[in-house]
Amino acid sequence: MRHQLAFSLGVTALVASAVAVLAPQAAAQELAPGLNCDRFVCRNDTDDTYRVEALVSCSDWGDRRITHEVPVVRKIRPRTTLDVTPSCNAPGETSSHALWIDYRGAWVDNRPATGSAG
């Protein structure tokens with residue numbers, strides 16, 4: 001009887017572990033109320049413009065390691081979705097790819113565009 005109970009508990013624990021591993025995880029990160037980022041895409045469901053800052057890890061895939069990091073700053077207008085993937089290629093390089101993004105924060109930035117390039 002004890003062996004049967006121990007076996008049943010072991011199987012139950014194994015099944016529960018498998019379900020937890022295989023279940024989709026909530027990957028979206030809420031940077032501010034109504035501003036969510038999931039991988040390299042941010043969605044702004046608010047009436048404010050946000051400035052999002054992140055650090056992207058890049059890889060050349062040849063060595064299967066992170067080769068460098070690129071800072072990213074993007075403005076996300078109200079009620080829009082925006083791709084925040086930067087070019088990971090250094091000057092003269094053509095094979096680097098964005099591997100991972102680490103969002104550092106988001107701030108309301110409703111300043112109107114000045115019309116200048118700076």
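Me: Which residues does Val-56 touch, leaving out those up to four places away in sequence?
Reply: Val-56 touches Phe-40, His-68, Glu-69, Val-70, Val-72, Pro-86, Cys-88, Ala-98, Trp-100 and Ile-101. Contact here means heavy atoms within 4.5 Å. This is a predicted model, in which local features need pLDDT of at least 70 and side-chain atom pairs count only at pLDDT 80 or more, while totals for chains, interfaces and linings use all residues. Residues are numbered from 1 along each chain as its sequence is written, and side-chain values use heavy atoms, with hydrogens and water left out.

Me: What makes up the fold of the protein chain?
Reply: One helix and seven strands. Helices (H or I, at least four residues) and strands (E, at least two) are DSSP runs, numbered from the N terminus. The order along the sequence is α-β-β-β-β-β-β-β. Of contacts between residues at least 6 apart in sequence, 59% join residues at least 24 apart.

Me: Why is Asn-44 called buried or exposed?
Reply: Buried means under 20% relative accessible area, exposed over 50%, partly exposed in between (1.4 Å probe, protein chains only). Asn-44 has 0% relative accessibility, so it counts as buried. Its place is in strand E3, residues 41-44. Of the chain's 118 residues, 25% count as buried.

Me: What makes the Asn-44 side chain a partner in polar contacts with the backbone oxygen of Asp-48 and that of Ile-76?
Reply: Distance and atom type. A polar contact is a pair of N or O atoms within 3.5 Å; within protein, one must be able to donate a hydrogen and the other to accept it, and residues adjacent in sequence count only if both atoms are side-chain atoms. The backbone oxygen of Asp-48 lies 2.7 Å from a polar side-chain atom of Asn-44. For the backbone oxygen of Ile-76, the distance is 3.2 Å. Beyond four places in sequence, Asn-44 touches residues including Gly-34, Leu-35, Tyr-50 and Ile-76.

Me: Why does Thr-81 count as buried or exposed?
Reply: Its relative accessibility is 54%, so Thr-81 counts as exposed. Thr-81 sits in strand E6, residues 80-83. Outside its neighbours within four places, it contacts Val-41, Cys-42 and Arg-43. The C-alpha atoms of Thr-81 and Val-41 are 7.0 Å apart, across 40 residues of chain.

Me: How do you know whether Ala-106 is buried or exposed?
Reply: The relative accessible area of Ala-106 is 14%, so it is buried. Ala-106 belongs to strand E7. Leaving aside neighbours within four places, its contacts are Leu-31, Leu-35, Tyr-50, Arg-51 and Val-52. Its C-alpha atom lies 6.7 Å from that of Ala-32, 74 residues away along the chain.

Me: Which residues of the largest nonpolar core touch the most other members?
Reply: Leu-31, Leu-35, Cys-42, Val-52, Val-56, Ile-101 and Tyr-103, out of 19 residues. Strands E1 (29-32), E2, E4 (50-59), E5 (66-76) and E7 each supply at least two residues of this core. E4 gives the most, with five. It is called a nonpolar core because its members are buried Ala, Val, Leu, Ile, Met, Phe, Trp, Tyr and Cys residues joined through side-chain atoms within 4.5 Å.

Me: Which residues lie nearest the centre of the second largest pocket?
Reply: Asp-38, Arg-39, Trp-100, Ile-101 and Tyr-103, among 11 lining residues. A pocket, on a 1 Å grid over the protein atoms alone, is an open set of points where a 1.4 Å probe fits, with protein on both sides within 12 Å along at least five of seven lines; lining residues have an atom within 4 Å of a point. E7 gives the most to this lining, with five residues.
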